[in-house]
Amino acid sequence: TQVEKGGHKHFMAKEIAEQPTVLADAISHYVSTDGTAITLPDGGLDFTQYDRIVMVACGTANYACLTAKYWFEQIARLPVEVDIASEFRYREPPITARTLAIFVSQSGETADTLAALRYCVDKADKILSVVNVQESSIARESDMALPILAGTEIGVASTKAFTCQLNVLALLALKAAQDRGVMDQQTLSDHLSALRNLPGLMNQALGTADAMKSAARKLAQAQDVLFLGRGAMFPLALEGALKLKEISYIHAEGYASGELKHGPIALVDKKVPVVVIAPSDPLFDKSVSNMQEVMARNGKVILVTDSKGAKDAGDGVWQVLLMPEIEPFLAPILYAIPAQLLAYYTAVAKGTDVDQPRNLAKSVTVE
Ligand code: G6P
(Lines give C-alpha, C1' and ligand atoms only; values in the text may rest on other atoms or scores of the structure.)
Protein backbone atom coordinates (compact mmCIF):
# COMPACT_ATOMS: atom_id res chain seq x y z
CA THR A 1 0.00 0.00 0.00
CA GLN A 2 0.90 3.66 -0.28
CA VAL A 3 1.75 3.99 3.42
CA GLU A 4 4.11 1.02 3.32
CA LYS A 5 5.79 2.56 0.31
CA GLY A 6 6.48 5.71 2.34
CA GLY A 7 5.00 7.96 -0.33
CA HIS A 8 7.05 6.35 -3.11
CA LYS A 9 5.50 4.91 -6.23
CA HIS A 10 7.18 1.53 -5.73
CA PHE A 11 8.90 -0.42 -2.96
CA MET A 12 12.02 -0.38 -5.11
CA ALA A 13 12.04 3.44 -5.11
CA LYS A 14 11.59 3.47 -1.34
CA GLU A 15 14.36 0.93 -0.84
CA ILE A 16 16.75 2.86 -3.10
CA ALA A 17 16.00 6.09 -1.21
CA GLU A 18 16.47 4.42 2.18
CA GLN A 19 20.07 3.45 1.53
CA PRO A 20 21.83 6.40 3.21
CA THR A 21 19.84 5.80 6.40
CA VAL A 22 20.12 2.02 6.64
CA LEU A 23 23.77 2.16 5.68
CA ALA A 24 24.58 4.77 8.31
CA ASP A 25 22.97 2.54 10.95
CA ALA A 26 24.79 -0.53 9.68
CA ILE A 27 28.11 1.33 9.73
CA SER A 28 27.62 2.46 13.33
CA HIS A 29 26.76 -1.13 14.27
CA TYR A 30 30.12 -2.37 12.99
CA VAL A 31 32.44 0.58 13.68
CA SER A 32 33.46 1.63 17.21
CA THR A 33 32.19 5.04 18.32
CA ASP A 34 35.67 6.56 18.17
CA GLY A 35 35.83 5.44 14.55
CA THR A 36 39.07 3.48 14.88
CA ALA A 37 38.01 -0.18 15.12
CA ILE A 38 35.75 -2.75 13.49
CA THR A 39 33.54 -4.54 15.99
CA LEU A 40 32.46 -8.11 15.26
CA PRO A 41 30.35 -10.44 17.42
CA ASP A 42 31.97 -12.55 20.14
CA GLY A 43 34.27 -15.24 18.88
CA GLY A 44 35.43 -12.78 16.24
CA LEU A 45 37.37 -13.63 13.16
CA ASP A 46 41.13 -13.89 12.92
CA PHE A 47 42.21 -13.51 9.32
CA THR A 48 45.75 -14.74 10.04
CA GLN A 49 44.23 -18.23 10.22
CA TYR A 50 43.25 -18.35 6.59
CA ASP A 51 45.24 -18.46 3.42
CA ARG A 52 42.22 -18.42 1.15
CA ILE A 53 38.63 -17.25 1.06
CA VAL A 54 35.89 -18.93 -0.95
CA MET A 55 32.76 -16.85 -1.54
CA VAL A 56 29.53 -18.31 -2.86
CA ALA A 57 26.17 -16.68 -3.68
CA CYS A 58 23.52 -16.19 -6.39
CA GLY A 59 22.33 -13.18 -8.36
CA THR A 60 23.03 -9.76 -6.93
CA ALA A 61 24.69 -11.26 -3.85
CA ASN A 62 27.18 -12.93 -6.19
CA TYR A 63 28.10 -9.53 -7.61
CA ALA A 64 28.68 -8.26 -4.08
CA CYS A 65 31.11 -11.19 -3.67
CA LEU A 66 32.89 -10.36 -6.93
CA THR A 67 33.38 -6.79 -5.72
CA ALA A 68 34.72 -8.07 -2.40
CA LYS A 69 37.29 -10.18 -4.23
CA TYR A 70 38.93 -6.96 -5.46
CA TRP A 71 38.93 -5.59 -1.90
CA PHE A 72 40.30 -8.67 -0.14
CA GLU A 73 42.98 -9.24 -2.73
CA GLN A 74 44.06 -5.61 -3.11
CA ILE A 75 44.04 -4.38 0.44
CA ALA A 76 44.43 -7.60 2.48
CA ARG A 77 46.54 -9.60 -0.01
CA LEU A 78 44.29 -12.59 0.61
CA PRO A 79 43.37 -14.78 -2.39
CA VAL A 80 39.63 -15.08 -3.01
CA GLU A 81 37.63 -17.39 -5.20
CA VAL A 82 34.07 -16.45 -6.06
CA ASP A 83 31.49 -18.82 -7.47
CA ILE A 84 27.79 -18.94 -8.17
CA ALA A 85 26.18 -21.46 -5.84
CA SER A 86 24.57 -23.64 -8.52
CA GLU A 87 27.97 -24.32 -10.11
CA PHE A 88 29.93 -24.57 -6.89
CA ARG A 89 27.70 -27.19 -5.28
CA TYR A 90 28.11 -29.79 -8.04
CA ARG A 91 31.70 -29.08 -9.02
CA GLU A 92 33.13 -30.75 -5.92
CA PRO A 93 35.76 -28.05 -5.50
CA PRO A 94 38.64 -28.95 -3.17
CA ILE A 95 38.37 -26.96 0.08
CA THR A 96 41.54 -26.86 2.14
CA ALA A 97 41.50 -26.56 5.94
CA ARG A 98 42.84 -22.99 6.05
CA THR A 99 39.85 -21.74 4.04
CA LEU A 100 37.24 -19.25 5.21
CA ALA A 101 34.00 -19.96 3.36
CA ILE A 102 31.66 -16.97 3.04
CA PHE A 103 28.03 -17.27 1.90
CA VAL A 104 26.17 -14.09 1.02
CA SER A 105 22.38 -14.12 0.82
CA GLN A 106 19.71 -11.51 1.40
CA SER A 107 16.98 -14.05 2.26
CA GLY A 108 19.25 -16.67 3.80
CA GLU A 109 17.04 -19.27 2.11
CA THR A 110 18.35 -19.60 -1.46
CA ALA A 111 18.43 -23.36 -2.06
CA ASP A 112 21.67 -23.48 -4.07
CA THR A 113 23.52 -21.24 -1.61
CA LEU A 114 22.38 -23.37 1.32
CA ALA A 115 23.49 -26.55 -0.45
CA ALA A 116 26.88 -24.97 -1.20
CA LEU A 117 27.21 -24.07 2.48
CA ARG A 118 26.45 -27.65 3.54
CA TYR A 119 29.11 -28.90 1.15
CA CYS A 120 31.70 -26.78 3.00
CA VAL A 121 30.80 -27.94 6.52
CA ASP A 122 33.66 -30.12 7.88
CA LYS A 123 35.87 -28.98 5.00
CA ALA A 124 36.41 -25.26 5.53
CA ASP A 125 37.92 -23.91 8.75
CA LYS A 126 34.97 -21.61 9.26
CA ILE A 127 31.57 -21.00 7.68
CA LEU A 128 30.64 -17.33 7.71
CA SER A 129 27.39 -16.00 6.31
CA VAL A 130 26.42 -12.44 5.45
CA VAL A 131 22.63 -12.27 5.53
CA ASN A 132 19.74 -9.87 5.83
CA VAL A 133 17.30 -12.29 7.44
CA GLN A 134 18.97 -13.30 10.69
CA GLU A 135 16.60 -16.14 11.53
CA SER A 136 17.20 -17.91 8.21
CA SER A 137 18.52 -21.38 7.36
CA ILE A 138 21.82 -20.05 6.04
CA ALA A 139 22.41 -17.95 9.18
CA ARG A 140 21.49 -20.90 11.41
CA GLU A 141 23.83 -23.35 9.75
CA SER A 142 26.86 -21.02 9.81
CA ASP A 143 29.58 -20.79 12.46
CA MET A 144 29.05 -17.03 12.38
CA ALA A 145 26.33 -14.95 10.71
CA LEU A 146 26.84 -11.24 10.17
CA PRO A 147 23.64 -9.24 9.58
CA ILE A 148 23.73 -6.60 6.86
CA LEU A 149 20.95 -4.68 8.67
CA ALA A 150 19.21 -3.48 5.50
CA GLY A 151 15.71 -3.93 6.94
CA THR A 152 12.97 -5.75 5.06
CA GLU A 153 13.49 -5.67 1.30
CA ILE A 154 10.30 -6.16 -0.71
CA GLY A 155 11.21 -5.22 -4.28
CA VAL A 156 12.22 -8.40 -6.12
CA ALA A 157 15.23 -6.65 -7.63
CA SER A 158 17.71 -6.25 -4.77
CA THR A 159 18.94 -2.71 -4.03
CA LYS A 160 19.58 -1.78 -0.40
CA ALA A 161 20.58 -5.36 0.42
CA PHE A 162 23.34 -5.08 -2.20
CA THR A 163 24.92 -1.91 -0.76
CA CYS A 164 24.54 -3.25 2.79
CA GLN A 165 26.23 -6.51 1.73
CA LEU A 166 29.05 -4.46 0.23
CA ASN A 167 29.37 -2.52 3.48
CA VAL A 168 29.87 -5.66 5.60
CA LEU A 169 32.26 -7.15 3.03
CA ALA A 170 34.30 -3.92 2.87
CA LEU A 171 34.59 -3.95 6.66
CA LEU A 172 35.71 -7.59 6.58
CA ALA A 173 38.36 -6.75 3.98
CA LEU A 174 39.64 -3.91 6.18
CA LYS A 175 39.67 -6.25 9.19
CA ALA A 176 41.58 -8.82 7.15
CA ALA A 177 44.14 -6.20 6.11
CA GLN A 178 44.63 -5.16 9.71
CA ASP A 179 44.86 -8.72 11.08
CA ARG A 180 47.38 -9.67 8.43
CA GLY A 181 49.53 -6.63 9.19
CA VAL A 182 49.29 -5.12 5.74
CA MET A 183 47.37 -2.00 6.81
CA ASP A 184 48.44 0.40 9.57
CA GLN A 185 46.04 1.90 12.09
CA GLN A 186 46.07 5.34 10.47
CA THR A 187 45.09 3.99 7.06
CA LEU A 188 42.35 1.89 8.66
CA SER A 189 40.99 4.92 10.55
CA ASP A 190 41.07 6.94 7.32
CA HIS A 191 39.06 4.29 5.48
CA LEU A 192 36.57 4.06 8.35
CA SER A 193 36.11 7.80 8.40
CA ALA A 194 35.56 7.79 4.62
CA LEU A 195 33.01 5.03 5.13
CA ARG A 196 31.15 7.14 7.65
CA ASN A 197 30.95 9.92 5.06
CA LEU A 198 29.53 7.56 2.46
CA PRO A 199 25.82 7.94 3.39
CA GLY A 200 26.13 11.71 2.80
CA LEU A 201 27.66 11.10 -0.63
CA MET A 202 24.90 8.60 -1.39
CA ASN A 203 22.37 11.32 -0.64
CA GLN A 204 24.09 13.52 -3.20
CA ALA A 205 23.97 10.69 -5.74
CA LEU A 206 20.25 10.26 -5.04
CA GLY A 207 19.86 13.96 -5.81
CA THR A 208 20.73 13.34 -9.46
CA ALA A 209 17.33 11.78 -10.20
CA ASP A 210 16.48 14.25 -12.99
CA ALA A 211 19.62 13.43 -14.96
CA MET A 212 18.94 9.72 -14.36
CA LYS A 213 15.40 10.08 -15.70
CA SER A 214 16.61 11.75 -18.86
CA ALA A 215 19.21 9.00 -19.45
CA ALA A 216 16.56 6.38 -18.67
CA ARG A 217 14.22 7.79 -21.32
CA LYS A 218 17.01 7.13 -23.83
CA LEU A 219 17.65 3.62 -22.52
CA ALA A 220 13.92 2.84 -22.68
CA GLN A 221 14.13 3.12 -26.50
CA ALA A 222 16.92 0.55 -26.78
CA GLN A 223 16.70 -3.18 -27.41
CA ASP A 224 20.18 -3.90 -26.14
CA VAL A 225 22.38 -2.06 -23.67
CA LEU A 226 26.01 -2.73 -22.73
CA PHE A 227 27.48 -1.87 -19.32
CA LEU A 228 31.25 -1.54 -19.02
CA GLY A 229 33.47 -1.24 -15.96
CA ARG A 230 37.06 -1.94 -14.95
CA GLY A 231 38.53 -3.24 -11.70
CA ALA A 232 36.05 -3.12 -8.85
CA MET A 233 33.62 -1.38 -11.23
CA PHE A 234 33.42 -4.51 -13.39
CA PRO A 235 31.07 -6.38 -10.99
CA LEU A 236 28.98 -3.22 -10.87
CA ALA A 237 28.67 -3.29 -14.67
CA LEU A 238 27.32 -6.84 -14.26
CA GLU A 239 24.92 -5.67 -11.55
CA GLY A 240 23.75 -2.66 -13.60
CA ALA A 241 22.97 -4.95 -16.53
CA LEU A 242 21.19 -7.46 -14.28
CA LYS A 243 19.01 -4.76 -12.69
CA LEU A 244 18.07 -3.36 -16.10
CA LYS A 245 17.12 -6.71 -17.61
CA GLU A 246 15.25 -7.83 -14.48
CA ILE A 247 12.84 -4.93 -14.30
CA SER A 248 12.73 -3.28 -17.76
CA TYR A 249 13.09 -6.50 -19.84
CA ILE A 250 15.68 -4.80 -22.03
CA HIS A 251 18.50 -7.10 -23.02
CA ALA A 252 21.60 -5.91 -21.20
CA GLU A 253 25.11 -7.32 -20.73
CA GLY A 254 27.86 -6.26 -18.39
CA TYR A 255 31.46 -6.59 -19.56
CA ALA A 256 34.90 -5.78 -18.28
CA SER A 257 35.91 -2.74 -20.33
CA GLY A 258 39.06 -4.47 -21.55
CA GLU A 259 37.01 -7.35 -22.98
CA LEU A 260 35.09 -4.99 -25.26
CA LYS A 261 37.28 -5.72 -28.24
CA HIS A 262 37.00 -9.47 -27.69
CA GLY A 263 33.39 -9.64 -28.71
CA PRO A 264 30.79 -7.13 -27.58
CA ILE A 265 32.16 -4.35 -29.78
CA ALA A 266 30.68 -6.29 -32.70
CA LEU A 267 27.24 -5.29 -31.38
CA VAL A 268 27.97 -1.59 -31.15
CA ASP A 269 26.14 0.76 -33.49
CA LYS A 270 24.05 3.88 -33.00
CA LYS A 271 21.20 1.83 -31.59
CA VAL A 272 23.14 0.25 -28.72
CA PRO A 273 23.70 2.54 -25.73
CA VAL A 274 26.84 1.78 -23.73
CA VAL A 275 26.84 2.71 -20.06
CA VAL A 276 30.42 3.23 -18.87
CA ILE A 277 30.86 3.21 -15.09
CA ALA A 278 34.18 4.92 -14.46
CA PRO A 279 35.07 7.16 -11.53
CA SER A 280 38.35 9.06 -12.01
CA ASP A 281 40.65 6.40 -10.56
CA PRO A 282 44.07 5.18 -11.74
CA LEU A 283 42.40 3.10 -14.48
CA PHE A 284 40.32 5.98 -15.82
CA ASP A 285 42.47 6.63 -18.92
CA LYS A 286 41.99 3.05 -20.01
CA SER A 287 38.21 3.38 -19.70
CA VAL A 288 38.38 6.54 -21.81
CA SER A 289 40.11 4.70 -24.62
CA ASN A 290 37.48 1.93 -24.48
CA MET A 291 34.83 4.63 -24.66
CA GLN A 292 36.47 6.16 -27.70
CA GLU A 293 36.42 2.78 -29.41
CA VAL A 294 32.66 2.72 -28.85
CA MET A 295 32.15 6.28 -30.09
CA ALA A 296 34.26 5.63 -33.20
CA ARG A 297 31.58 3.08 -34.14
CA ASN A 298 28.75 5.57 -33.53
CA GLY A 299 27.94 3.96 -30.19
CA LYS A 300 26.11 6.19 -27.71
CA VAL A 301 28.00 6.48 -24.44
CA ILE A 302 26.38 7.27 -21.10
CA LEU A 303 29.30 7.95 -18.79
CA VAL A 304 28.86 7.68 -15.03
CA THR A 305 31.78 9.50 -13.43
CA ASP A 306 32.81 12.43 -11.22
CA SER A 307 33.56 15.99 -12.35
CA LYS A 308 37.25 15.29 -12.89
CA GLY A 309 36.37 12.27 -15.01
CA ALA A 310 33.84 14.29 -16.98
CA LYS A 311 36.54 16.83 -17.81
CA ASP A 312 39.15 14.23 -18.77
CA ALA A 313 36.69 12.26 -20.90
CA GLY A 314 36.57 14.97 -23.58
CA ASP A 315 33.83 15.46 -26.17
CA GLY A 316 31.43 13.11 -27.84
CA VAL A 317 29.80 11.51 -24.82
CA TRP A 318 26.00 11.20 -25.20
CA GLN A 319 25.29 11.95 -21.57
CA VAL A 320 27.39 12.32 -18.44
CA LEU A 321 25.92 11.33 -15.08
CA LEU A 322 27.86 13.09 -12.34
CA MET A 323 28.67 11.49 -9.03
CA PRO A 324 30.43 13.16 -6.10
CA GLU A 325 34.19 12.50 -5.70
CA ILE A 326 34.96 9.44 -3.60
CA GLU A 327 38.03 7.44 -2.63
CA PRO A 328 38.45 4.51 -5.03
CA PHE A 329 38.02 1.87 -2.29
CA LEU A 330 34.42 2.88 -1.60
CA ALA A 331 33.42 3.82 -5.14
CA PRO A 332 31.60 0.51 -5.86
CA ILE A 333 29.13 1.21 -3.02
CA LEU A 334 28.38 4.76 -4.17
CA TYR A 335 28.17 3.85 -7.86
CA ALA A 336 25.53 1.21 -7.08
CA ILE A 337 23.09 4.13 -6.78
CA PRO A 338 23.25 5.25 -10.44
CA ALA A 339 23.12 1.60 -11.56
CA GLN A 340 19.89 1.16 -9.59
CA LEU A 341 18.35 4.49 -10.60
CA LEU A 342 19.00 3.91 -14.30
CA ALA A 343 17.23 0.55 -14.17
CA TYR A 344 14.40 1.92 -12.04
CA TYR A 345 13.59 4.94 -14.19
CA THR A 346 13.92 2.92 -17.39
CA ALA A 347 11.38 0.42 -16.08
CA VAL A 348 9.09 3.27 -15.02
CA ALA A 349 9.40 4.81 -18.50
CA LYS A 350 8.47 1.43 -20.01
CA GLY A 351 5.61 0.92 -17.57
CA THR A 352 6.68 -2.55 -16.42
CA ASP A 353 5.82 -4.04 -13.04
CA VAL A 354 8.84 -2.77 -11.12
CA ASP A 355 8.31 -4.53 -7.79
CA GLN A 356 7.09 -7.85 -9.21
CA PRO A 357 8.88 -8.42 -12.51
CA ARG A 358 7.53 -11.31 -14.57
CA ASN A 359 8.99 -14.78 -13.99
CA LEU A 360 11.16 -13.70 -11.06
CA ALA A 361 10.91 -14.55 -7.36
CA LYS A 362 12.31 -12.67 -4.41
CA SER A 363 13.69 -15.80 -2.88
CA VAL A 364 14.50 -18.96 -4.84
CA THR A 365 14.04 -21.81 -2.40
CA VAL A 366 13.81 -24.60 -4.94
CA GLU A 367 16.56 -25.69 -7.27
C1 G6P B 1 16.66 -14.04 -6.59
C2 G6P B 1 16.35 -12.56 -6.40
C3 G6P B 1 17.63 -11.72 -6.51
C4 G6P B 1 18.68 -12.22 -5.53
C5 G6P B 1 18.94 -13.74 -5.69
C6 G6P B 1 19.75 -14.29 -4.53
O7 G6P B 1 17.05 -14.26 -7.90
O8 G6P B 1 15.41 -12.14 -7.36
O9 G6P B 1 17.36 -10.36 -6.22
O10 G6P B 1 19.88 -11.53 -5.74
O11 G6P B 1 17.71 -14.47 -5.69
O12 G6P B 1 18.96 -14.21 -3.37
P13 G6P B 1 19.54 -14.17 -1.91
O14 G6P B 1 18.34 -14.08 -1.02
O15 G6P B 1 20.29 -15.48 -1.72
O16 G6P B 1 20.44 -13.00 -1.81
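These legends walk through four close-up views of a predicted model.

**View 1. A five-stranded open sheet.** Reading across this sheet, the strands come in the order 2-1-3-4-5, and they pair in parallel. Strand 2 (80–84) and strand 5 (144–147) sit at the edges, each with pairing on one side only. On average, neighbouring strands here are turned by 20° against each other, if you ignore direction.

**View 2. Strand 1 beside strand 3, with helix 5 lying across them.** Zoom in on strand 1 (residues 52–57) and strand 3 (residues 99–105): they run parallel, and five bridges join them. To find your way along this pair, look for M55, which stands opposite I102 in strand 3. Helix 5 (residues 111–120) lies across both of these strands and also strand 4 (126–131). Its direction makes an angle of about 165° with strand 3.

**View 3. The shell around the ligand.** Here the ligand is surrounded by 16 residues, and the closest are G59, S105, Q106, S107 and T110. Helix 3 (residues 59–76) gives the most to this shell, chipping in three residues. Sorted by class, the shell holds nine polar residues, six nonpolar ones and one charged residue.

**View 4. Strands 6 and 7, a parallel pair.** Six bridges link strand 6 (residues 224–229) with strand 7 (residues 251–256). One spot to pick out is D224, whose bridge partner in strand 7 is H251. Follow the chain from strand 6 and you pass through helix 10 (residues 234–248) before reaching strand 7. That route is a right-handed β-α-β crossover.

Definitions and conventions: Residues numbered from 1 in each chain as written. Predicted model: local features only at pLDDT ≥ 70, side-chain atom pairs only at ≥ 80, totals over all residues. Pairing = 2+ DSSP bridges. Helix = DSSP H or I, 4+ residues; strand = E, 2+ residues; numbered from the N terminus. Axes fitted to C-alpha atoms, helices over the stretch in contact; angles between N-to-C directions. Contact = placed C-beta atoms within 7 Å. Near = placed C-beta within 6 Å. Nonpolar A, V, L, I, M, F, W, Y, C, P; charged D, E, K, R; others polar. Right-handed = clockwise from strand over helix to strand, strands pointing away.
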